[in-house]
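Dear colleague,

Please find below the structure that I am handing over to you, together with its sequence. My notes on what was found in it follow directly after.

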Amino acid sequence: MPEWKDEVRKLAQQMEKAPQILPEEIPDLEIYMDQLTTYLDKRLGFYNREGESPFVTRSMVNNYSKAKLLPPPAAKRYSRVHVMLLSLVCQLKRIFTIQDLGKLLAPVSGEKETARLYCLFLEAQKEAFAKTPALAEELLSALEEEDPNKAKAALVTQLAVRAQRDLLLAERVLDTLRPPEEEKPGKDKKKKGKT
């Protein structure tokens, strides 16, 4: 059995055990920015590519707040909602633009709705990642290439096509989301019914 295939299997097994922050694990107290970034980086640094900057930085938090992906902190303190949203945003930022993330999160407000979306994300992630070793095995068994670099390139291409398919479908569904209706100041709701 080629050594490079064992390397790929080991990577796939690591994906199966990818860490998550479950809602019940999130401290029910407000924390400061440094505590927030340290907590998320320690818990979710797995999702960074080797050699990348921290999972989340102060400037990321500030930028996501300015982009209205996060509610403003209360007296410079961050809540459970911030932890859930930052976990989502930082994991999905490789996939979606800031504008797309804004569209995705626009219908969500408050801790209950945020927790519901976050739990759906965690369940889907856990299910998809659990299938990674079987997927790797399926793709590896189909590769007949002896040169490890060529074989790895073929494997990466197959995985990238699957990611491309999923991303295209996700983007097209995302494009069907309609922004929540905002009431215009000064407009009288009763005017709609008058003739």
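To begin with a charged side chain, R80 is buried, because its relative accessible area is 16%, and the cut-off for that class is under 20%. Please bear in mind throughout that this is a predicted model.

R80 is located in helix 4. Its side chain forms a salt bridge with that of E111, with an N to O distance of 2.7 Å. This pair links distant parts of the chain, given that R80 belongs to helix 4 (residues 80-92) and E111 to helix 6 (residues 110-130), 31 residues apart. In contrast to the buried R80, E111 is partly exposed, because its relative accessibility is 38%. Not counting residues up to four places away in sequence, R80 touches P23, I26, P27 and D28 as well as E111.

Other salt bridges

How many salt bridges does a search of the whole structure find? The search returns 11. Among them is the pair of E138 and R162, whose side chains meet at 3.7 Å, N to O. E138 lies in helix 7 and R162 in helix 8, so this salt bridge ties together parts that are 24 residues apart in sequence. E138 counts as partly exposed, with a relative accessibility of 48%. R162 is likewise partly exposed, with a relative accessible area of 29%.

A further salt bridge joins the side chains of K131 and E127, at 3.5 Å from N to O. In addition, a network of salt bridges links D6, R9 and E137.

The surroundings of F55 and Q91

F55 lies in the loop between helix 2 (33-44) and helix 3 (58-66). Is this residue buried or exposed? F55 is buried, because its relative accessible area is 1% and the class takes in values under 20%. Leaving aside neighbours within four places in sequence, F55 is in contact with L40, D41, L44, G45, Y47, N48, M60, L86, S87, C90, Q91 and K93. As for its position relative to P2, 53 residues apart along the chain, the two C-alpha atoms are separated by 34 Å.

Q91, one of the contacts of F55, is found in helix 4. Q91 also counts as buried, at 13% relative accessibility. Apart from residues up to four places away in sequence, Q91 touches L44, Y47, F55, F121 and Q125. L44 and Y47 are thus among the residues in contact with F55 and are also touched by Q91. The C-alpha atoms of Q91 and Y47 are separated by 7.0 Å, although these residues are 44 residues apart along the chain.

A patch of negative charge

Which residues gather in a patch of negative charge on the surface? They are E144, E145, E146 and D147. D147 has its place in the loop between helix 7 (132-142) and helix 8 (148-174). With a relative accessibility of 34%, D147 counts as partly exposed, because that class lies between the buried limit of 20% and the exposed limit of 50%. Helix 7 and helix 8, which flank this loop, are also the helices that hold E138 and R162, respectively.

With kind regards

Note on methods. Residues numbered from 1 in each chain as written. Predicted model: local features only at pLDDT ≥ 70, side-chain atom pairs only at ≥ 80, totals over all residues. Heavy atoms only, no water. Patch = residues over 30% accessible without salt bridge, like charges linked within 9 Å, V, L, I, M, F, W, Y side chains within 5 Å. Areas by Shrake-Rupley, 256 points an atom, 1.4 Å probe, with all protein chains shown as cover. Salt bridge = Lys/Arg side-chain N within 4 Å of Asp/Glu carboxyl O. Lys, Arg positive; Asp, Glu negative; His and termini not counted. Charge placed at Lys NZ, Arg CZ, Asp CG, Glu CD. Helix = DSSP H or I, 4+ residues; strand = E, 2+ residues; numbered from the N terminus. Buried < 20%, exposed > 50% of the residue type's maximum accessible area, 1.4 Å probe, protein only. Contact = heavy atoms within 4.5 Å.
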